[in-house]
Amino acid sequence: MDYNEVKVNLRKFAFPLSTENALNQIQSIINGETSRKQHLNEDLAMDLISEFIFCETNEEGKSTKPMSRIRHLELLVMICDYFNKTKIKQDNDNCCGDTALNAIFMTLFPQFGAPPQRTNMLVSLVSLAISTYSNLILQSAGVQMQQLGCSSKYSLQLADGLVNKFFTFIGTQSTSLHLLPQNAPLFTANLMTALSELYFNPKTTDTTMSIVLPPRIVLETVVRWINSDPCLCFTAHYTDLQRALPSGAIPMVATLPFLGLFRWCFFAPLCVKNSEDLAIYSELHCALIESVMQGWKVYSEENPRISRPYTLSVHSVLLPQLKALIEETMKSNDPASMYSVEIVVERLAQSIHAAIISDTIFGNKQDLVNQLETLPANNVLKSLIKRIQV
């Protein structure tokens, strides 16, 4: 069947049968044998997705009006059902899912070339997948986030969309959120990394420093996830992404959520005024320390051949913006401000100490000492510097 004949046959059907047949056709195209016409097949798959799945173009290739909300919901349910019912590879696992379905997901939601409304559809689909325990979708989303980078525009838009359209409308007691680390650990870990990049990531202009704080529901959920499994933050490191990707794809290096989440804990005492929120940041700091100290130890003992990851980097742990904020806070010289600075310095020292003990810190020791010596004097900090210099 040639390029145009596929489209002509699909146009004989109305929604939802046209979409269902298109999904099956796209599956055959993406997972078909490699040939000299592979690029034509890829173009056909993209055309079918645009016209028959997301209804973004008509048969003439021109843009169409956005689909109705009812059609939007019907399509979400159909894609969910497709992933839930389709089992192409038999040995899928709880992290990588199904390699062939991952390829289909990546084609449905590519990083480049898709209209902006496709991002809204992705956020809605992942939200539905979390609520309905559609783990194959979440596994595919986790693989895509890691492959593109958890700090990429794609991953950050997904994370931000989930916060605005899902997290803020669901209670902290949501069972689906509680069970997410168990059902889709790779997605959960990569989502935490993306979330860590959204907040307490200072944007500095010539005159001001802008810092966005995470909503309470996000903060509480992240703490709950880490406490539920000290190994969770290391998931992306020990997941074999190669077997999750289409043939020929090169897996990207994993990024762990530690540095970003530790940054939350360092900035919080200087930026957060609510005492209840400050208590949660303290709990987050303790959970991260426990994960650095115990999480990797537990996994490495069971899997001694896995390379050791890095939880902190010498050149990223003490951001210039954090140092500037510490210096600005100290200018007031009031007891409350000085106490906040002391907490920050102690947390920095504790996190670095944990990373040193677990041998998961990257960088030169002397460079680290040079940075730490620029901080306000603190007994915990002095002890750490002595330990490093031994």
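At what angle do helix H12 and helix H15 pack, and how far apart are their axes? In this predicted model, H12 (residues 216-228) and H15 (residues 275-302) meet at about 30°, and 9 Å separates their axes. The two helices are therefore roughly parallel to each other, since an angle under 35 degrees counts as such. Their crossing is left-handed. On the H12 side, the contact is made by Arg216, Leu219, Glu220, Val222, Val223, Ile226 and Asn227, which face Glu276, Asp277, Ile280, Tyr281, Glu283, Leu284, Ala287, Leu288 and Ser291 of H15. Sorted by class, this contact holds nine nonpolar, two polar and five charged residues.

Helix H17 (residues 335-357) offers another view of helix packing, beginning with its contact with helix H14 (residues 258-271): the two axes come within 7 Å and cross at roughly 165°. That angle makes H14 roughly antiparallel to H17, and the crossing is right-handed. From H14, Phe262, Cys265, Phe266, Pro269 and Leu270 take part, and they meet Ser340, Val341, Ile343, Val344, Arg347, Leu348 and Ser351 of H17. Nine of the residues in this contact are nonpolar, two are polar and one is charged.

H17 also packs with helix H16 (residues 320-330), here at an angle of about 155° and with the axes 9 Å apart. H16 is thus roughly antiparallel to H17, while the crossing of this pair is left-handed. Leu322, Ile326, Thr329 and Met330 of H16 are in contact with Ser337, Met338, Val341, Val344 and Leu348 of H17. The tally for this contact is seven nonpolar and two polar residues, with no charged ones. Val341, Val344 and Leu348 of H17 are worth a look in the structure: these residues meet H14, and they also meet H16.

Attention now turns to empty space in the model. The second largest pocket has a volume of about 520 Å³. Its lining comprises 30 residues, and those nearest the centre of the pocket are Val253, Ala254, Thr255, Leu256 and Tyr310. Two or more lining residues come from each of helix H11 (185-198), helix H13 (235-238), H14 and strand S3 (312-313). H14 thereby links the two parts of this account, as it contributes to the pocket lining and also packs with H17. By class, the lining is made up of 15 nonpolar, 12 polar and three charged residues.

Technical notes
Residues are numbered from 1 along each chain as its sequence is written. This is a predicted model: local features need pLDDT of at least 70, side-chain atom pairs count only at pLDDT 80 or more; totals for chains, interfaces and linings use all residues. Side-chain values use heavy atoms; hydrogens and water are left out. Axes are lines fitted to C-alpha atoms, for helices over the stretch in contact, and angles run from 0 to 180 degrees between N-to-C directions. Helices (H or I, at least four residues) and strands (E, at least two) are DSSP runs, numbered from the N terminus. Angles under 35 degrees count as roughly parallel, over 145 as roughly antiparallel, 65 to 115 as roughly perpendicular and the rest as oblique. A crossing is left-handed if the near helix is turned anticlockwise from the far one by less than a right angle, and right-handed if clockwise. Contact means heavy atoms within 4.5 Å. Ala, Val, Leu, Ile, Met, Phe, Trp, Tyr, Cys and Pro count as nonpolar, Asp, Glu, Lys and Arg as charged, and the others, Gly among them, as polar. On a 1 Å grid over the protein atoms alone, a cavity is a set of points where a 1.4 Å probe fits but cannot get out, and a pocket is an open set with protein on both sides within 12 Å along at least five of seven lines; lining residues have an atom within 4 Å of a point. Grid points are joined across faces, edges and corners, and a volume is the space filled by probe spheres set on the points.
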